[in-house]
Amino acid sequence: MQGDYAYNLATELFPICRSITGDGVRQTLKILQRELPDLKIHEVPSGTQVFDWTVPQEWNIMDAWVKDKSGKKIIDFAESNLHVMGYSVPVHKSLSLLELMDIVYTEPDQPDVIPYITSYYKERYGFCISEHQKQQILRDYATDDKFEICVDSTLKNGSLTYGELVIGASVDSVRGGGV
């Protein structure tokens, strides 16, 4: 029974694209708050200095893909939210195969995995695929082939959202005053 509960919750949470900011984080925390009503949700505005770190702009993504000349999606955010580099800025343009390979990230030592790459503080865009998928693209297309790329995202001042929950301890016990 508990296994089914955990599996169903994971199934609900897994498809949500989330980074350190944005609507995916808020959606995730609302689901967790439904299950843990004492969860307190906090917002910290972009640009806030937190020790030696600055809260970045808020990033939200709606879609991202790479299409070949026939219009077939060969890289698709809808297939895996790892297929786009986190914090990719909006872009919609045409690239050659070599230009595309300059913005494709893989993990050659682990050819079956899609790497998780982000760019919080430098405005750029990119796509992440397995090394096997990259090699397949290089086999299937010529260097002069053109590709249409699109990242439909926003990057603007907003906030970092986080949840806070104290589990199984009274305030006195946390302070060393006993249970």
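## Two helices crossing

A crossing of two helices is called right-handed when the near helix is turned clockwise from the far one by less than a right angle, and left-handed when that turn is anticlockwise. With that in hand, here's the pair to look at in this predicted model: the crossing of α1 and α2 is right-handed. Helix α1 covers residues 2–13 and helix α2 covers residues 23–35. Their axes come within 10 Å and cross at roughly 160°. Angles over 145 degrees count as roughly antiparallel, so α1 is roughly antiparallel to α2.

Who does the touching? On the α1 side, the contact is made by Y5, L9, E12 and L13. On the α2 side, T28, I31, L32, R34 and E35 take part. Sorted by class, this contact has 5 nonpolar, 1 polar and 3 charged residues.

## The nonpolar core

Now for the inside. In soluble globular proteins, nonpolar side chains tend to be buried together. Here, the largest nonpolar core has 25 residues. If you want places to click, try V66, I75, L100, F127, I137 and I149, the ones with the most contacts inside that core.

Several elements chip in. At least two core residues come from each of β4 (58–67), β5 (73–76), β6 (91–96), α3 (97–102) and β9 (146–156). Strand β4 gives the largest share of this core, with 4 residues.

## Two residues with positive phi

Next, a couple of backbone oddities to look up. F51 has a phi near 55°, which is a positive value in a residue other than glycine. You'll find F51 in the loop between β2 (49–50) and β3 (53–54). Its relative accessibility is 81%, so F51 counts as exposed.

Y87 also has a positive phi, near 70°, and is likewise a residue other than glycine. Y87 lies in the loop between β5 and β6. Is Y87 buried or exposed? Y87 has a relative accessible area of just 1%, so it is buried.

## Loop residues and their partners

Stay in the loop between β5 and β6 and you'll also meet P90. P90 counts as partly exposed, because its relative accessibility is 48%. Setting aside residues up to four places away in sequence, P90 touches V151 and S153. P90 and T106 are 16 residues apart along the chain, and their C-alpha atoms are separated by 21 Å.

I114 sits in the loop between β7 (104–105) and β8 (127–128). With 26% relative accessibility, I114 counts as partly exposed. How far apart are the C-alpha atoms of I114 and I129? They are separated by 4.8 Å, although the two residues are 15 residues apart along the chain. I129 is also among the residues that I114 touches, not counting residues up to four places away in sequence. The others on that list are S80, L82, H83, C128 and S130.

## D38, after α2

Last stop: D38, in the loop between α2 and β1 (40–45). D38 is exposed, with a relative accessible area of 59%. Leaving aside neighbours within four places in sequence, D38 is in contact with E164 and L165.

D144 makes a handy landmark for judging distance here. D38 and D144 are 57 Å apart in space, C-alpha to C-alpha, and 106 residues apart in sequence.

Notes: Residues numbered from 1 in each chain as written. Predicted model: local features only at pLDDT ≥ 70, side-chain atom pairs only at ≥ 80, totals over all residues. Heavy atoms only, no water. Core = buried A, V, L, I, M, F, W, Y, C linked by side-chain atoms within 4.5 Å. Buried < 20%, exposed > 50% of the residue type's maximum accessible area, 1.4 Å probe, protein only. Axes fitted to C-alpha atoms, helices over the stretch in contact; angles between N-to-C directions. Parallel < 35°, antiparallel > 145°, perpendicular 65-115°, else oblique. Contact = heavy atoms within 4.5 Å. Nonpolar A, V, L, I, M, F, W, Y, C, P; charged D, E, K, R; others polar.
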